[in-house]
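Trainee: Let's go through this entry label by label. I would like to hear how each term is earned.

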Amino acid sequence: MKPIDHKGEFKQRVRQWADKLDVKVVWLGVRPMRNKWASCSTAGHLNFSDELPDLRPELWDYVIVHELLHFSVPNHGKLWKSLMHAHLGEYEAYECELKKMAHNM
């Protein structure tokens, strides 16, 4: 039986969200990260924690949209929060869940 490719599914989900949000991703990586779930650069580079693909897809979406929105909104101000709500609804529950997980690691 072939193992499930969560990393491949995760990367495909990133590409789908990037298309939806009209964000050009130059480079996409999934790698070990010690202190955060993801990071992005203004050059179009995205890095995601290799622990994310093993989590629920709703949590994927939170981290993916969070990072992709930073390509157009560099902070976590009112505009960023409005866009998060527009795309994910009540995203704060996912944010809290991820913070708890990170604290327990």
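Mentor: Happy to! A search of the whole structure gives three salt bridges, where a salt bridge is a side-chain nitrogen of Lys or Arg within 4 Å of a carboxyl oxygen of Asp or Glu. Keep in mind that this is a predicted model, in which local features need pLDDT of at least 70 and side-chain atom pairs count only at pLDDT 80 or more, while totals for chains, interfaces and linings use all residues. Residues are numbered from 1 along each chain as its sequence is written, and side-chain values use heavy atoms, with hydrogens and water left out.

Trainee: What makes Arg13 and Asp61 a salt bridge?

Mentor: Their side chains meet at 2.7 Å, N to O. That is within 4 Å, so the pair passes.

Trainee: Which parts of the chain does this pair tie together?

Mentor: Arg13 lies in helix 1 and Asp61 in helix 2, so it joins parts 48 residues apart in sequence. Helices here are DSSP runs (H or I, at least four residues), strands are E runs of at least two, and both are numbered from the N terminus.

Trainee: Why does Arg13 count as partly exposed, and how does Asp61 count?

Mentor: Buried means under 20% relative accessible area, exposed over 50%, and partly exposed in between (1.4 Å probe, protein chains only). Arg13 has 24%, so it falls in the middle class. Asp61 has 12%, which is under 20%, so it counts as buried.

Trainee: How do you know that Arg56, Glu58 and Glu97 are linked in a network?

Mentor: Arg56 meets Glu58 at 3.3 Å, N to O, and Arg56 also meets Glu97 at 2.6 Å. Both values are within 4 Å, so Arg56 takes part in each salt bridge. As for the second pair, Arg56 sits in the loop between strand 3 and helix 2 and Glu97 in helix 4, so parts 41 residues apart are tied together. Arg56 is partly exposed at 36%, Glu58 at 35% and Glu97 at 27%.

Trainee: How many disulfides does the structure hold?

Mentor: Zero: a disulfide would need a pair of cysteine sulfur atoms within 2.5 Å. Cys40 is partly exposed at 29%, and Cys96 is partly exposed at 42%.

Trainee: On to the rings. How many aromatic pairs are there?

Mentor: Rings of Phe, Tyr and Trp (its six-membered ring) pair if their centres lie within 6.5 Å; planes under 30 degrees apart count as stacked, over 60 as edge-to-face and the rest as tilted. By that rule there are four aromatic pairs. One of them is Phe10 with Phe48, at 5.1 Å centre to centre and 80° between the planes. Since 80° is over 60, the label is edge-to-face. Phe10 belongs to helix 1 (residues 6-20) and Phe48 to strand 3 (residues 45-49), 38 residues apart. Both Phe10 and Phe48 are buried.

Trainee: Why is the pair of Tyr62 and Tyr91 called stacked?

Mentor: The centres are 6.2 Å apart, within 6.5 Å, and the planes make 15°, under 30, so stacked it is. Tyr62 is in helix 2 (residues 57-69) and Tyr91 in the loop between helix 3 (78-88) and helix 4 (92-104), so the pair spans 29 residues in sequence. Tyr62 has 5% relative accessible area and is buried; Tyr91, at 3%, is buried too.

Trainee: What puts Trp80, Met84 and Leu88 on the same side of helix 3?

Mentor: Trp80, Met84 and Leu88 are buried in helix 3. They cover an arc of only 40° around the axis, which puts them on the same side; the arc is that of the directions from the helix axis to the C-beta atoms. Lys78, Leu79 and Ala86 are exposed on the other side of helix 3. The buried residues pack against helix 1 and helix 2, with contact meaning heavy atoms within 4.5 Å.

Trainee: Which residues have the most contacts inside the largest nonpolar core?

Mentor: Among them are Phe10, Phe48, Tyr62, Ile64 and Met84, in a core of 28 residues. A nonpolar core is a set of buried Ala, Val, Leu, Ile, Met, Phe, Trp, Tyr and Cys residues joined through side-chain atoms within 4.5 Å. Helix 2 gives the most to this core, with eight residues.
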